[in-house]
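Q: Hey, can you walk me through this model? I'd like to start with the open space in it.

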Amino acid sequence: MTLIDCKRTCVRNNYWIQPQLENESSVLVFTLYGLNETMENRYVFFSLTALFFPLMVFCNVTVIFTIISYKKFHKPMYLFICNLCVNGLFGTAGFYPKFMYDLLSYDHVISYVGCMSQIFVIYSSALCDFSTLTVMAYDRYVAICRPLGYHSIMTSQRVLQCILFCWLTPMLCMSVLIILVARLTLCGSTVEKLYCEIWAVAKLSCFSTTLNNVFGYIVILTYFGHAVFIFCSYIYLIKMCRKSIEGRKKFIQTCVPHLLSLINVTTALLFDVLYSRYGSKNLPQGVRNFMALEFLLMPPILNPIIYGVNLKQVRQQVIRLFFKKQV
């Protein structure tokens, strides 16, 4: 039998084995490339981060402690604000400790398991922000448009369901995305960002990532739908609040901080999505790093400040907390 006949027989019997890809490898460690061109300023960045991270933790913990400690804040709106601050701490815990370690290290590497964990924590937190802002919009809609039925609608059970929705839905989405990435065979190990990002890892695949892209776009469109729902609900609330002075006052006090927070989160996450999917390597690395970090910098620090300063009751209680003797 000739070699050609042998090949034909193998193909006919479905046991012809294709040669393994030359570049295919089992990746155990990823190299983070985002800091390589800015290492000369690493001590400056470390000092700024060492000041910013504790400040961010302090602001969030202050709001959380204030809401939990005082019974008058055990209401749906304040519990959702508390949830937003807890989520801010959760998301940044997946980035800042590793980032600060990398600033003092010459080798910017992360294990495969560590990379998947970082992706899960950071992006679950980002999606949880949108979910929390969505249930806050629903809460404000009920409070302003159906004030007489507010307490019968926003029961303790309903609030618990909303908080579970805020956490479980993003975690489920990210679990599916990570499973889809984990099945890929990777032909590289260099992630061109400061942290592990799901699209950056998927781009290292040796084969097609169509399924990952389709599900990724479904998640993006779903949470973009959250933002559209919030904006539409507030347009309706503005129309309703124009009818009374009390309604306008309630809208300004409770809804304006929410809108500011929504714009903050949406803009920050939009930067990351656009950079991840369509970012150009021609941009300076400093600009690319800022676009990648924007949603890890702005929302976690601005959310507690927005709600702590703009909401009169929270602001007064925080002042009493730190200046008891003077008050």
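A: Sure. The largest pocket is lined by 30 residues, and Gly216, Val219, Ile220, Leu269 and Val273 lie nearest its centre. On a 1 Å grid over the protein atoms alone, a pocket is an open set of points with protein on both sides within 12 Å along at least five of seven lines, a cavity is a set where a 1.4 Å probe fits but cannot get out, and lining residues have an atom within 4 Å of a point.

Q: Before we go on, what should I know about the model and numbering?
A: It's a predicted model, where local features need pLDDT of at least 70 and side-chain atom pairs count only at pLDDT 80 or more, while totals for chains, interfaces and linings use all residues. Residues are numbered from 1 along each chain as its sequence is written, and side-chain values use heavy atoms, with hydrogens and water left out.

Q: OK, what volume does the largest pocket have?
A: About 640 Å³. Grid points are joined across faces, edges and corners, and a volume is the space filled by probe spheres set on the points.

Q: And which elements line the largest pocket?
A: Those giving two or more residues are H5, H7 (156–182), H8 (198–202), H9 (210–241) and H10. H9 has the largest share, ten residues. Helices (H or I, at least four residues) and strands (E, at least two) are DSSP runs, numbered from the N terminus.

Q: How do the lining residues of that pocket divide by type?
A: Into 22 nonpolar, five polar and three charged. Here Ala, Val, Leu, Ile, Met, Phe, Trp, Tyr, Cys and Pro count as nonpolar, Asp, Glu, Lys and Arg as charged, and the others, Gly among them, as polar.

Q: Switching to enclosed space, how many cavities of 30 Å³ or more are there?
A: Two. The largest cavity has a volume of about 140 Å³. Of its 15 lining residues, Ser125, Ala126, Asp129, Phe295 and Pro299 are the closest to its centre.

Q: Which helix gives the most to that lining?
A: H11, with five residues. The elements that give two or more are H3 (76–93), H5 (112–145), H10 (245–278) and H11 (285–310). By type, the lining has eight nonpolar residues, six polar and one charged.

Q: New topic: what's the strand order in the sheet?
A: E2-E1-E3, in an open sheet of three strands with mixed pairing. Two strands pair if DSSP finds at least two bridges between them. E2 (109–111) and E3 (190–191) stand at the edges with a single partner strand each, so one side of each has no neighbour in the sheet.

Q: How does E1 run against E2, parallel or antiparallel?
A: Antiparallel, with three bridges joining E1 (residues 29–32) to E2. Phe30 has Ile110 as its bridge partner in E2. E1 and E3 run parallel, joined by two bridges, and Leu32 stands opposite Val191 in E3.

Q: Which residues make up the covered face of E1?
A: Phe30 and Leu32, while Val29 and Thr31 are on the uncovered one.

Q: Last one: how many helices and strands does the chain have?
A: Twelve helices and three strands.

Conventions:
Buried < 20%, exposed > 50% of the residue type's maximum accessible area, 1.4 Å probe, protein only.
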